[in-house]
Amino acid sequence: MTAKKINAKDLPMQTKKINAKDFLINNGIIVVLIMLAIFTAIKQPSFGTPDNLKNIALNVAPRFIIACGVSGCLITRGTDLSAGRMVGLSACLAGTLLQKPGYSGKFFPNLPDFGIWWVFVVLLICIAVCAIFGLINGMVVSFLQVPAFIGTLGMQLIVYGVCLVYTNATPIGGYRAAYTEVAKGRLLGVIPYLFLIALAIGLIIWFVYNKTPHGKYMYAIGGNEQAAEVSGVNTKKTKIIIYVTAAALYALGGFLVGAKSGGSSVNMGMGWELEAIAACTIGGVSVNGGIGKVSGVLIGVLVFEILKTCLQYLGVDTNYQYIAQGIVIVVAIALDIRKYIAKK
């Protein structure tokens, strides 16, 4: 029997068609949201103004830092549902320690003005407090073998309760200028400090993920934890470092969000962990572990923030905005699982 001769010229075209189809399916959310952004810019010309784009970038900065923390957990097939509450705790903790000396509703009336260096001390305090909760998360997931979803869900409630007890659910405001300047100030009057901080964190996380043994261990655990352990990777230690680092990033994000907002409450950061997970997934960080890039995290956060801004500019009711965000989260996870099944 004579085999049918295959025309080699047809192969590239077939490959291109398959790749184009896969690209549209795997990146469908990004494509749709880009079209939504174009439509919004046409309907509302103010959407595309430099001031609005600057505001979007400033909103993305702290959320990107938080999403970087969540990404490490996802890459190791874990998650962190306590992220948003740690953001709120950090914001409240910083707020109570950085109020103006003469503010009438000061949380600690007798706390003196220590000067500008006190801002950095308070940041370290916030990071240390949240890192303790991150350490507990890592130990519960690593040593007690509690699924990350359950362990961090319990920590979410614990952190929220601690914040309620600490603040007595009292809104906090009256921040000193040295604190708000961290988020609202500009280098040479041009480049926002918030943007520079997010850029620095992104570069550090990229270096850790791609150029250090810890990053290699992290991806190895996400790919196959048993194989990584047999290969000599200290999986427990690596996971603990990941959750502690994530908590430190949540603390930094909450510190910056509080400075940017000029006030805080126990509800600050509520639900941000879900936004971070969705943003990471949209950006290519797989919930099935072993896959993820810092650049993808940035794209995912930017896309999710553009979605919220577009809905606001189009006058969509706030209640329906939550529905739209929920749909995006479900679709993003569904597409990620689809890619994982196709790979298997």
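This is a short walk through some helices, helix contacts and loops in one structure.

Okay, before we look around, keep in mind that what's on the screen is a predicted model.

Let's start with the record. UniProt, in an unreviewed entry, places the feature "transmembrane region" at residues 23–42, 116–136, 148–167, 187–209, 240–258, 270–287, 294–314 and 320–337. I'll pick out a couple of those and see what the model does there. Take residues 116–136: that span is 95% helix and 0% strand, and its end C-alpha atoms sit 32 Å apart. Residues 148–167 come out as 100% helix, again with 0% strand, and there the end C-alpha atoms are 28 Å apart.

Now a helix further along, α13, which covers residues 294–313. How far does α13 reach from its first C-alpha to its last? The answer is 29 Å over 20 residues, close to the 28 Å expected at 1.5 Å a residue. Right after α13 comes G315, and its phi is positive, near 75 degrees.

Next up, how helices pack. Two packed helices are described by the angle between their axes and the distance between the axes. First pair: α3, residues 50–75, and α12, residues 272–282. Their axes are 9 Å apart and the angle is about 70 degrees, so α3 is roughly perpendicular to α12, given that 65 to 115 degrees counts as perpendicular. Who's touching whom? On the α3 side we have R63, I66, A67, V70, S71 and L74, and they meet W272, E275, A276, I277 and C280 of α12. Sort that contact by class and you get eight nonpolar residues, one polar and two charged.

Second pair: α9, which is residues 213–223, against α11. Here the angle is about 105 degrees, with the axes 10 Å apart. That makes α9 roughly perpendicular to α11. From α9, the contact uses H214, Y217, M218 and I221; from α11, it uses T235, T238, K239, I241 and I242. By class, the contact of α9 with α11 has five nonpolar, three polar and one charged residues.

Let's zoom in on one of those, T238. It's part of helix α11, residues 235–261. Is T238 buried or exposed? Its relative accessibility is 4%, so T238 counts as buried, the cut-off being under 20%. If you leave aside neighbours within four places in sequence, T238 is in contact with H214, Y217, M218, I221 and V233. You'll recognise H214, Y217, M218 and I221 from the α9 side of that contact.

S142 is another one to look at. You'll find S142 in helix α5, residues 117–142. With a relative accessibility of 2%, S142 counts as buried. And what does S142 touch, sequence neighbours within four places aside? K236, K239 and I240.

Last stop, the loops. R77 sits in the loop between α3 and α4, where α4 is residues 83–97. R77 has a positive phi, near 65 degrees, and it isn't a glycine. Its relative accessible area is 47%, so R77 is partly exposed. Then there's Q145, in the loop between α5 and α6, with α6 at residues 148–167. Q145 is also a residue other than glycine with a positive phi, near 60 degrees. Q145 has a relative accessible area of 56%, and since exposed means over 50%, Q145 is exposed.

That's my tour, thanks for listening.

Technical notes:
Residues are numbered from 1 along each chain as its sequence is written. This is a predicted model: local features need pLDDT of at least 70, side-chain atom pairs count only at pLDDT 80 or more; totals for chains, interfaces and linings use all residues. Side-chain values use heavy atoms; hydrogens and water are left out. UniProt positions are given in the numbering used here, feature names are shortened, and annotations may be inferred rather than shown by experiment. Helices (H or I, at least four residues) and strands (E, at least two) are DSSP runs, numbered from the N terminus. The expected span of a helix is 1.5 Å times one less than its number of residues. Axes are lines fitted to C-alpha atoms, for helices over the stretch in contact, and angles run from 0 to 180 degrees between N-to-C directions. Angles under 35 degrees count as roughly parallel, over 145 as roughly antiparallel, 65 to 115 as roughly perpendicular and the rest as oblique. Contact means heavy atoms within 4.5 Å. Ala, Val, Leu, Ile, Met, Phe, Trp, Tyr, Cys and Pro count as nonpolar, Asp, Glu, Lys and Arg as charged, and the others, Gly among them, as polar. Buried means under 20% relative accessible area, exposed over 50%, partly exposed in between (1.4 Å probe, protein chains only).
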